[in-house]
Amino acid sequence: MILNGSPGDWEQWSLRSRFLFLGDVDRAQDFIGVFIDGLMRKGRAQTLLHGFEREADKVLAYLAAPDLVQKRALSYHAKAGRCGVTGMSSDPERVGRARNIDADGGVGETLEARSPNRPGGGIDLTSLPIQICWEPEAGIDAKVRMASLQCWPRLDRGQPGMTVLEEDLKQVIQSSSDLSAFEALVEQHDLARRRLADEIAEIDRQIEASPGMHRETREQHESRRTGFEADRLLCPLNREQAQSLLGLATPDAAYQQISRYRRAYADLFPDLLQHFEDRMANS
């Protein structure tokens with residue numbers, strides 16, 4: 001329903017036209033995982049077919065009709081475009097803004113702000129110290145490890161368990177060159193930063209080259225731009241980079257870890273979430 005291509009050949013997958021607003025295949029897979037998780041939770045709670053009173057052959061349409069799936073995908077896309085923050089105003093004059101982030105250093109490095117009249121400009125994300133919420137005594141699980149891998153250049157060096165996180169990355173990062181573990185990590189972050197900057201620059205180029213662009217098309221471009229900026233903050237490394245750094249068997253294994261990590265943003269970064277919610281409450 002959502003993806004074109006053979007199930008066994010993920011490199012050839014593409015979005016079907018009805019779901020192009022999701023931006024790319026990775027985000028579509030994330031949505032599919034979230035949608036299926038929702039069905040499974042209802043199943044465990046024995047509420048999956050609550051209110052269903054039709055014939056058995058109508059169950060699939062009841063649970064996953066194309067219009068329903070598209071509606072859920074739109075809701076997921078809107079939330080993802082807000083970096084997972086809920087409760088934001090739908091008024092375009094009051095909605096939260098994000099800044100262009102392309103820092104070469106750690107948290108707090110100031111860069112040129114985006115134009116204030118473009119959706120996505122205003123909140124200085126680069127000034128926010130990123131801290132992972134976890135209990136060092138409980139040990140490092142895959143989500144915490146992925147968080148430290150993805151956020152390392154911007155991670156608050158004063159966060160609890162920083163030494164433990166650093167030692168864990170030193171042990172698990174695979175380097176195929178003469179680089180140390182952290183040199184290899186920084187190199188991959190540099191590549192990711194340039195890749196995402198190019199993606200965002202291309203979106204800007206398309207918008208600026210088409211002043212008469214249809215409003216819906218422009219909003220889709222802006223949503224994709226916001227998604228890329230969110231990735232620059234919390235998830236810049238793609239699955240191939242994560243696979244290489246962690247020595248995983250396949251890109252799909254890396255994708256599964258990244259997908260679970262993305263779904264855990266609210267648990268891993270509650271302070272960041274609270275910052276956005278406070279900004280929205282005071283806007």
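Trainee: Hi! How far apart are Glu202 and Arg205 in helix α6?

Mentor: Hello! Glu202 and Arg205 are three residues apart in helix α6, so about one helical turn separates them. Keep in mind that this is a predicted model.

Trainee: Thanks. And what do the side chains of Glu202 and Arg205 meet in?

Mentor: They meet in a salt bridge, at 2.7 Å from N to O. In general, side chains of opposite charge can pair when their charged atoms come close.

Trainee: What are the relative accessibility values for Glu202 and Arg205?

Mentor: Glu202 is at 32%, so it counts as partly exposed. Arg205 is partly exposed too, with a relative accessible area of 45%.

Trainee: Which side chain does Asp190 meet in a salt bridge?

Mentor: That would be Arg193, with 2.8 Å from N to O. Both residues lie in helix α6, three residues apart, about one turn of the helix.

Trainee: Is Arg193 buried or exposed?

Mentor: Arg193 has a relative accessible area of 16%, so it is buried. Its partner Asp190, at 24%, counts as partly exposed.

Trainee: Let's move to helix α5. Which residue there is three residues apart from Glu167?

Mentor: Lys170 is, so the two are separated by about one helical turn. Their side chains meet in a salt bridge at 3.9 Å, N to O. Glu167 is partly exposed at 38%, and Lys170 is partly exposed at 42%.

Trainee: How many salt bridges does the structure hold?

Mentor: Twelve. There is also a network of salt bridges, which links Arg27, Asp30, Asp231 and Arg262.

Trainee: New topic: helix packing. At roughly what angle do the axes of α4 and α9 cross?

Mentor: Roughly 90°, and the axes come within 9 Å. Helix α4 covers residues 142–151, while helix α9 covers residues 251–263. The two helices are therefore roughly perpendicular to each other.

Trainee: Which residues make that contact?

Mentor: From α4 you have Ala142, Lys143, Met146, Ala147, Gln150 and Cys151. On the α9 side the residues are Gln257, Ile258, Arg260 and Tyr261. By class, that gives six nonpolar, two polar and two charged residues.

Trainee: I'd like to hear about Tyr261. What does it touch, leaving out residues up to four places away in sequence?

Mentor: In α4, Tyr261 touches residues including Lys143, Met146, Ala147, Gln150 and Cys151. Its other contacts are Leu234, Cys235, Leu268 and Phe269.

Trainee: How many residues are in the largest nonpolar core?

Mentor: That core has 36 residues. Tyr261 is among those with the most contacts inside it, along with Ile132, Leu149, Leu185, Leu234 and Phe269.

Trainee: Which elements give two or more residues to this core?

Mentor: Those are α4, α5 (162–172), α6 (181–209), α7 (215–234), α8 (239–246), α9, α10 (265–268) and α11 (270–282). Apart from this core lies another one, of 14 residues, including Ile2, Leu3, Ala28 and Phe35.

Trainee: One last thing, Gln46. Where does it lie?

Mentor: Gln46 sits in the loop between α1 (25–44) and α2 (59–64). Its phi is positive, about 60°, although Gln46 is not a glycine.

Trainee: And is Gln46 buried or exposed?

Mentor: Its relative accessibility is 75%, so Gln46 counts as exposed.

How values were computed
Residues numbered from 1 in each chain as written. Predicted model: local features only at pLDDT ≥ 70, side-chain atom pairs only at ≥ 80, totals over all residues. Heavy atoms only, no water. Axes fitted to C-alpha atoms, helices over the stretch in contact; angles between N-to-C directions. Helix = DSSP H or I, 4+ residues; strand = E, 2+ residues; numbered from the N terminus. Parallel < 35°, antiparallel > 145°, perpendicular 65-115°, else oblique. Contact = heavy atoms within 4.5 Å. Nonpolar A, V, L, I, M, F, W, Y, C, P; charged D, E, K, R; others polar. Buried < 20%, exposed > 50% of the residue type's maximum accessible area, 1.4 Å probe, protein only. Core = buried A, V, L, I, M, F, W, Y, C linked by side-chain atoms within 4.5 Å. Salt bridge = Lys/Arg side-chain N within 4 Å of Asp/Glu carboxyl O.
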